[in-house]
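Colleague: I am new to this one. Could you take me through it and explain the terms as we go?

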Amino acid sequence: MSATAGEPLVEVRDLEMHFPIRSGLLSRQVGAVRAVDGVTFDVLRGETLGIVGESGCGKSTTARLITRLLDPTGGSINWEGRDIAGLGRKELKPLRREMQMIFQDPYSSLNPRKTVGTIIGEPFVIHGVETDERKRKGLVQDLMEQVGLNPEHYNRLPHQFSGGQRQRIGVARAIALKPKLIVADEPVSALDVSIQAQILNLLKDLQRDLGLTVIFIAHDLSVVRHTCDRVAVMYLGKIVELASSEELYAHPRHPYTGALLSAVPVPDPRLARNKNRQVLGGDVPSPANPPSACRFHTRCPKFVAGTCDVDYPELSPKDGGNVAACHFPLTDEEIARRVPTAAA
Amino acid sequence: MASYIARRLLWTILLLLVITAVTFLIFYVLPTADPAAQRAGRDPSPDLINAIRHQLGLDKSLPAQYWDYTKQLFLHFDFGESFINNTSVKSLIFDRLPNTIFLVVGAAIIWFVSGVTIGIVSATRRGSFWDRMLMGGALIAISAPVYWMGLVALYLFSNDIGVWHIFPGAGAYQDAHSFPQKCWTMVMPWCVLAAAFAAIYARLLRSNLLETMSEDYIRTARAKGLPERRVILRHGVRSAITPVITVLGLDIGILMGGAILTETVFNIDGVGRLSYDAIQRGDLATIQGTTIVLAFFVAIMSLVVDILYAFLDPRVRY
Amino acid sequence: MAQPLLEVKDLKVHFETEDGIVQAVDGISYSVGRGHALGIVGESGSGKSVSSMTVMGLTRSSNARISGSIMFDGKDLLAAGEDEMRAVRGGEIAMIFQDPLSSLHPFYKIGDQLVEAHRSHNDVSKARARDRAIEMLGLVGIPDPRKRIDGYPHEFSGGMRQRVMIAMALINDPKLLIADEPTTALDVTVQAQILELIQKLQHELDTAVVMITHDLGVVAEVAEEIAVMYAGRIVEYGSSDTIFSAPEHPYTWGLLKSIPRLDTPRDQELVPIFGRPPSLINKPSGCSFHPRCPYVREAHKKVDPVLEPSGSADTVHKVACLLPSETRRSLWAALRAGETPEAAIEEVPIPEKTLSPSAEGQTGGEVPGP
């Protein structure tokens with residue numbers, strides 16, 4: 001299916017994260033916010049997997065579950081064949097060297113009281129890799145150069161750097177111990193347009209140089225198309241479509257993916273004028289009370305009563321290679337009509 | 001909301017139990033004067049002291065004493081009798097409570113109104129001469145001890161010993177009868193008690209208001225073309241004042257246990273004076289009584305304030 | 001041609017701060033016709049927000065130095081007193097902002113906020129104002145407006161809140177709506193709804209729209225004419241078609257080449273703009289973009305370009321660039337064909353001494369040497 005046929009580095013099966021809702025005199029659990037509700041996918045070695053979706057779809061929660069910043073309430077996460085979903089802090093520590101996260105907000109994800117050198121050097125200290133301060137400084141300065149920062153700024157504080165530079169600091173910290181997996185949670189959303197490309201190119205170069213596997217979480221579909229090999233589309237805690245980048249953008253099969261692509265404003269006025277756009281009505285339902293069967297049926301233009309709200313559509317292969325969770329996937333004709341940017 | 005209140009009330013009862021236990025323990029351990037010896041009068045014989053000790057129940061074991069006390073309190077709402085003069089502690093406290101309430105509520109009105117006003121003026125004229133003067137004055141008011149301020153006020157303004165004979169002097173409150181008369185005698189105590197609080201509230205509101213005025217919804221209000229006064233009061237102050245109101249509730253709750261220093265300086269017969277005298281004399285029963293009353297007020301006011309917050313801020317939900 | 005509704009001429013907004021004078025807006029001119037849509041594109045520090053806040057009179061403070069002219073419907077807004085401005089603000093010109101959650105007061109019902117907006121410009125009863133509010137909520141697509149008018153902002157979703165903001169902005173039938181990044185904080189499907197709504201209202205109510213954004217896709221959808229701002233100046237101005245198909249400023253090229261898009265080949269490389277946005281206190285000498293421009297020449301570090309007509313078929317197209325127009329057009333042709341700036345420079349000779357006509361006029365024909 002995909003171009004980069006590596007073996008799976010991470011295998012996620014039926015992953016769940018239900019946050020309890022408590023109420024009443026004894027704070028009993030009355031319900032749950034089903035942030036991630038049964039998600040299954042593989043992350044292949046060396047690939048860049050994108051996870052896209054809008055707010056509340058569960059993509060950030062999924063990222064935090066994989067890196068075990070959260071404890072899943074169900075399902076398994078196999079790291080190189082070993083289930084890490086239930087591991088405790090101590091057992092997870094050595095694993096943390098192998099998987100790292102890059103966060104969205106460069107302004108709040110760096111400790112403002114620590115120097116850049118300390119921030120990037122911390123991984124070495126925490127995992128006892130390089131205790132000699134001078135040697136560590138050398139390693140840190142190498143990293144700074146690698147991400148495009150001036151090594152002479154070793155002793156500066158975060159507030160003395162711009163947003164783009166701070167994001168580079170975050171990247172340097174993440175690659176310090178040469179992890180196998182990087183999970184980037186909206187790494188460029190908070191940056192200016194002219195800086196975004198710099199960081200995206202940096203990530204691409206680093207991935208190639210260090211042989212990284214990357215999970216790229218974003219809401220910006222154009223960015224994901226450009227950077228990712230395969231893409232998973234999430235809606236209300238479930239994956240609704242999974243396909244290679246080429247396949248997904250050329251012929252999206254799930255109506256939600258179609259609506260997302262149709263909604264993206266394209267920087268071409270002629271295309272914009274001629275667009276027969278699919279504007280999705282309504283709001284995203286609450287993850288505490290999701291619709292029955294297919295989660296998307298309340299807003300779906302192809303909704304068929306009696307099927308979509310009764311039978312849950314499992315992910316299955318559709319025309320063209322995409323895997324989608326839908327009883328009535330988009331036809332080529334519908335795609336041509338509604339998604340102006342899909343390849344002819 | 002109802003279940004939240006029920007839960008809070010249960011916690012309050014638990015809290016009161018813990019407080020009585022702790023107070024009990026403290027006074028058992030602390031080397032205060034033996035109340036039995038004190039009661040016995042001059043040159044008592046050991047037998048007399050023992051007899052009194054037995055009468056007061058002080059010869060029983062600590063847990064037994066505690067059990068007796070708690071039973072009386074929660075079942076009969078009886079605080080026992082004062083070790084000193086055998087009057088019911090309940091009547092001692094409740095006779096004086098109205099005076100304390102009068103003092104505290106009056107002062108609270110003064111400090112809230114003046115504190116908020118000063119805070120608004122300072123915040124809207126940030127960095128100006130007025131702002132600096134007012135905040136400087138606030139710092140002085142906070143730093144000056146209440147009793148010092150009380151004595152200075154008496155020295156300057158009291159109509160018996162003061163430089164200028166304006167206000168009634170210490171102890172005048174006890175002699176006043178009509179409501180207007182009572183208020184007049186309370187003017188100085190109110191102002192003295194209010195001073196530090198007003199200053200604190202002014203500083204608090206000033207910083208809250210400055211922060212609020214930089215919020216996006218203030219920009220929207222101006223963009224709507226509203227007059228600046230309305231923007232400041234209805235949009236800015238409305239947000240900035242909610243934490244101040246909650247602090248007000250808690251402060252009133254604490255002062256209900258008695259504004260000891262103010263009551264002493266101005267010779268007002270309130271719960272604060274009572275508890276101070278009781279501590280001096282090791283009158284455990286009265287100490288217990290005033291402590292529980294204080295704890296009760298604080299717990300209730302804290303509950304009131306939390307509920308009030310839900311009305312002030314619609315985002316808060318229990 | 002009809003008199004434009006809004007005409008900004010040589011607007012300068014400088015702020016005096018402890019660190020120096022911040023030249024937030026440094027001499028910009030643009031106009032908006034009745035019922036038309038102008039897009040202002042720029043990144044943080046470009047001055048796009050400050051210029052619009054100044055139109056509304058919201059930047060008047062003791063440390064602001066504002067000069068130039070803002071003519072709105074025949075009135076000079078910069079010369080207007082505070083009372084006059086307050087009548088204009090929210091009445092004839094309305095503004096909506098980026099984050100609808102923080103832009104609405106959390107403690108008041110949305111109905112009360114809408115009624116307040118209406119009654120501060122119209123002498124009507126509360127009941128009448130409430131009816132008008134319900135009408136507006138229906139117009140912007142809030143379901144069941146009679147019930148939802150008594151809701152609090154936190155009870156609405158992001159998209160619904162932005163609709164409420166739009167309703168509040170349009171409740172007094174303003175002639176001009178300024179939208180400052182109205183969809184940046186919203187999900188993409190909600191963004192599409194809001195943009196569609198703004199366009200619909202623009203046509204139905206004949207309201208002029210100024211759309212401020214950093215998103216080139218958004219501005220392509222909404223705007224008929226576009227101003228590209230950089231470091232407090234407009235560096236390029238033209239019709240939407242021109243800006244996207246035949247831009248002539250290196251910054252515009254840089255923006256277009258650095259954004260990933262759905263309508264170009266997937267493997268096309270993103271070409272970032274080198275460097276960072278400049279400080280507005282110590283702006284670079286000469287052309288403010290020169291430290292980041294791949295096509296820079298020595299002369300560009302000394303001469304400040306003026307926004308002038310480009311000479312292309314689009315009569316409103318203006319550029320502020322010192323490169324001669326033929327050079328610019330050749331460079332764009334190369335870039336558009338997929339080449340990187342380095343490759344384009346190899347192909348297209350950039351003259352060292354020749355500058356665009358008005359620049360030559362500035363320097364009196366004498367081009368400063370390297």
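Modeller: Gladly; we can talk through confidence, buried and exposed residues, and the domains of one chain.

Modeller: This is a predicted model, where local features need pLDDT of at least 70, side-chain atom pairs count only at pLDDT 80 or more, and totals for chains, interfaces and linings use all residues. Side-chain values use heavy atoms, with hydrogens and water left out.

Colleague: How do you know how confident the predictor is in chain A?

Modeller: From pLDDT, the predictor's confidence in each residue, from 0 to 100. Chain A has a mean of 89, and 97% of its residues reach 70 or more. Over residues 1-5 of chain A, though, the pLDDT is below 50.

Colleague: What makes Lys178(A) count as exposed?

Modeller: Exposed means over 50% relative accessible area, buried under 20%, and partly exposed in between (1.4 Å probe, protein chains only). Lys178(A) has 62% relative accessibility, so it counts as exposed. Its phi is near 50°, a positive value in a residue other than glycine.

Colleague: And Glu186(A), is that buried or exposed?

Modeller: Buried, because its relative accessible area is 7%, against the limit of under 20%. Phi of Glu186(A) is also positive, near 50°, and the residue is found in the loop between S7 and helix H6 (193-210) of chain A.

Colleague: Why is helix H1 of chain C called largely enclosed?

Modeller: Helices here are DSSP runs of H or I with at least four residues, strands are runs of E with at least two, and both are numbered from the N terminus. In H1(C), residues 48-55, 6 of the 8 residues are buried, so the rest of the structure largely encloses this helix. Met53(C) and Val55(C) are among them.

Colleague: Where are the domains of chain C?

Modeller: The bounds come from an automatic or database domain assignment, which gives domain 1 (6-214) and domain 2 (239-347). Their centres, taken over C-alpha atoms, are 31 Å apart.

Colleague: How do you know that these domains of chain C are in contact?

Modeller: Contact means heavy atoms within 4.5 Å, and 12 residues of domain 1 of chain C are in contact with 6 residues of domain 2 of chain C.

Colleague: What makes Asp26(C) and Lys283(C) a salt bridge?

Modeller: The rule asks for a side-chain nitrogen of Lys or Arg within 4 Å of a carboxyl oxygen of Asp or Glu. Here the closest N and O atoms are 3.1 Å apart, and Asp26(C) forms a salt bridge with Lys283(C).

Note on methods
Residues numbered from 1 in each chain as written. Chains lettered and ligands numbered in written order.
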